[in-house]
Each structure stands twice: as structure tokens, then as C-alpha cells.
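Q: I'm new to this one, so please go through the labels with me and say what each rests on.

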Amino acid sequence: MSLSSSANLLISALCLCLLQREISAGLSMVLGNLTLFNVQFKSPSWLGRSIVGDSNLRIESDVDPNILEDSHLDTLHLIQKYGYPAENHTVQTDDGYILTLHRIARPGAMPVLLVHGLLDSSATWVMMGPNKGLGYLLYEQGYDVWMANVRGNTYSRKHVKYSTRHAKFWDFTFHEMGKHDIPSTIDFVLNSTGVSQLHYIGHSQGSVVFWIMASEKPEYMDKIVFMQALAPVAFLKHCRSPVVNFLAEWHLSVSVVLKLIGVHEFLPKNEFISMFNRFICDETTITKEICSNVIFLTTGFDKLQLNETMLPVIVGHSPAGASTKQMQHFGQLNRSGAFRQFDYGWLRNHWRYGHIDPPSYKLENVRAKVALYYGKNDWLAPPEDVEMLHSKLPNVVTKYLVDDPEFNHLDFIWAINGRELLWDRMLENMRNQENSVI
């Protein structure tokens, strides 16, 4: 039997199992067609038609030209378009990854490093525009704004030795990001600005990598003025995300399928997926509501805070790429209920870690002052798991549940009323911490 035949059999079996398990229609729709894994089979049946790469449909003809332009511009040119001082920098990690770092430059001001979440990029802080982007707001409030990109996303797809066609390039999880990417980025910012400390704001995975940096390189806590975690993630025991829960339930089967079909990148950023997503999310199409559901499948729903007119921009920039191993690691955290390193199986664990179980991260090393901001309707960072994280961190100075029962995982960065509900509070907390240092 050929490799492709074996893969097809496994995929069919996996989809059949999903149906038998009565996974929700939305989940089986996406995962059943494996669109999450970049297997370009026909488009989901709920569209009522099949879109192929050479389609002549004018999928963008009715979109506001300004919004359409923003959906195609990269982070650097988005910032420049709106008249802000934009810079593009390159950071090389000690294990050879080449990362792109974007800056809204205010030389001499206090630097703040923004670290994006899962499947996201630096664009997330600015793509909603000057009046609705946290990156712009921080600049307007007098900060020197730096926006990171971790390995594997749209802006960090180079390595000194490997290309993205090599499996070795994708052999990472968020562990390597916390151990290599974030320390290298912090050092670059501090060396470039000549200061000894910076503010850190991390969303979702952007908080995960901070905890890991503290665990593995605790000396970096001395370089942080104040760490603010938006939708903080560490423990996923109560996670309600269908995608993460799927990966936890089917971790072995998914791993076999992905290895057989040779896929190492999860949710890749390519032209086909970008075109397909913008078609779904064009404000003039009848599939607008379905599009919202697909976007929030992994994070929770809060349509009142979603500017649906901006959906073409959102899907033009995300998903921005991740490794399949990285996604498997999230599934493992959900399955184990622990915050620990990647589980290779008892035999490889013993060889790699000296123990049959992967080691837990040392949250007691997070000595920096921390603020935790969380939402009641967050599927990836539900209040129960945030409370567990809070109990493990030694220096939490602020813990705030956003005063909106529908506030979800993506509202922390894209909410229509983000400033009123959260960001003004964050700015006040930053000022207070700076004054306490003086």
C-alpha cells in the first residue's frame, strides 16, 4: 500500500471517528476536512459551492478599498500608511532562527514589548487602525513600541541552516520561543535603546512564553519593569476550545496522520487560505455570521465586540502560522492538566529529561511584577485556569476580570470597546509601576 493511500485511510478513519464521537458540526466541518492542516481538499459544503485556487470569482469586488488594502499590507507598511514612524528589525536567536521585530519608534521613551498570541503576529496590535489598535495607543501615550514575532509565523520564517521546507525548521513548540525567541528579542530592544528594563505585554501564548522564559532563564526577570498578561495561559485543565480539546483527545492519531502526509506547519499563511478566508468574511456575503463562528471556534464568541467590517483585515493577517508540534503541546497541557514541557512518551522523556514524565515549568521563578487580565467568556483562558495560575505566581500585583460577561479571548486585542473596558486600566497600572520604581 502506498504512503498516500495509507494517509487517506487514516484520514478517513479519523473523520469517521469524529462523527461517531458526535463532535459538533462546526468542529467536524473544519477538522473533518483537515483545512486546519493545510490539506487542500474541496471547500466545506456549508459554503454551497467549491472554491479552487484558479477561481475567477471576484471575491473582493465589494469590499471597501481601504479595508482591502489593509488586508494585504504587512505590519511595517500598515504603520507607515497611517503616518507613524515604523521600523523593521531583525533578531537572530542563539539556535539560529531569524525573527522580525517591528517598532513604532519613539527614541528616548520607555520601551514596551508586545508579544502576540497563538497563530498571530505583530500585525494584531495595529491592524484595527490608529483609534482601535493597542500598539498605536501605547505610542500616543508616550511609549517606544516594539512588537515581536516568534519563530514560524509570517514574519519569522528563516533560519541560518534550514528552510521552511525542512521538517527540522518546524521542530519546536512554545518552549523554544520562551527559551530563545523572547530573551533574544528583549536583549535586542534593550541594546538598541540603551535602557536596562522594559514593559512587557503578552496576549495568550505571549504570556506562556514569558512564564517559560522565567522558568528557564530567571535572570531575565531583572529586565522587566512590569509584565501584563492578556488572557493569560498556562494551565488548560478547564479549556473549552474545541480545537485544543480535539488535539488533546486525538493527540496520537493526529500525530500519525500529520507525519504520514508530511505536514509540519499548522495553519500556514499562504495565498490559497488568505483568498478563501477573505471570501468567507467579505461583509457583503451571506456567510458573514458563519465566518465569525469559524474565527472564534478556538477562542469563544462575542459578536458585540467584533467589528465585522474589519473581518477581511483580520483574516488577511491571521492565521499567521505555527508548528504542528506547538499545537500538539497545547493539546498535551489540556490532557495532563499540568503546565510542563513537551511529552515525547516515557522512553524518549527518560532519555531527554532523565524522567518518564516531562518536567513542570517553575512558575515560582516569575519574580517580575505581574498583572493578570482575564474574561469570563474566554475558552482558552477560563477563570478557573487563571485562578490556578494566580495561585502559583509569586508576585501578582493586579488581577482583573473584565467587566463584560461576554468578553472573550480575542477581545483583549480587537474589541470595539477595548480601551474603555481594559486598555485605559492597563495604562494607569503601567504609570503606577513606573512611579513605584522611581
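A: Let's start with a term: a residue is buried if its relative accessible area is under 20%, exposed if over 50%, and partly exposed in between, using a 1.4 Å probe and protein chains only. Phe210 and Trp211 are both buried, and so are Phe169 and Trp170. Across the protein chain, 58% of the 438 residues are buried. This is a predicted model, where local features need pLDDT of at least 70 and side-chain atom pairs 80 or more, while totals for chains, interfaces and linings use all residues. Residues are numbered from 1 along each chain as its sequence is written, and side-chain values use heavy atoms, with hydrogens and water left out.

Q: What makes Phe169 and Trp170 an aromatic pair, and which kind is it?

A: Rings of Phe, Tyr and Trp (its six-membered ring) pair if their centres lie within 6.5 Å; planes under 30 degrees apart are stacked, over 60 edge-to-face, and the rest tilted. Here the centres are 4.9 Å apart and the planes sit at 75°, so the pair passes the distance test and is edge-to-face. Phe210 and Trp211 are edge-to-face too, at 5.9 Å and 85°. A search of the whole structure turns up 16 aromatic pairs. Tyr97, Phe169, Trp170 and Phe172 join up in one aromatic cluster.

Q: How do you know that Arg425 lies over the face of Tyr400?

A: The rule wants NZ of Lys or CZ of Arg within 6 Å of the ring centre and within 35 degrees of the ring normal. Arg425 lies over the face of Tyr400 at 3.6 Å from the ring centre. Arg151 does likewise with Phe172, at 5.9 Å.

Q: Why is Leu119 called buried or exposed?

A: Its relative accessible area is 15%, which is under the 20% limit, so Leu119 counts as buried. Leu119 also has a positive phi of about 60° although it is not a glycine. Most residues other than glycine have a negative phi.

Q: And what about Ser204: buried or exposed?

A: At 4% relative accessibility, Ser204 falls under the limit, so it is buried. Ser204 has a positive phi of about 55° without being a glycine, and it is found in the loop between β6 (198-203) and α7. Helices (H or I, at least four residues) and strands (E, at least two) are DSSP runs, numbered from the N terminus. The chain has 17 helices and eleven strands.

Q: What makes helix α8 and helix α13 roughly parallel or roughly perpendicular?

A: Axes are lines fitted to C-alpha atoms, for helices over the stretch in contact, and angles run from 0 to 180 degrees between N-to-C directions. Under 35 degrees is roughly parallel, over 145 roughly antiparallel, 65 to 115 roughly perpendicular, and the rest oblique. Helix α8 (residues 242-249) and helix α13 (residues 324-336) pack at about 80°, with axes 7 Å apart. So α8 is roughly perpendicular to α13. The contact (heavy atoms within 4.5 Å) includes Val244 and Leu247 of α8 and Phe330 of α13.

Q: How does the contact of α8 with α13 divide by class?

A: Ala, Val, Leu, Ile, Met, Phe, Trp, Tyr, Cys and Pro count as nonpolar, Asp, Glu, Lys and Arg as charged, and the others, Gly among them, as polar. That contact has five nonpolar, three polar and two charged residues.
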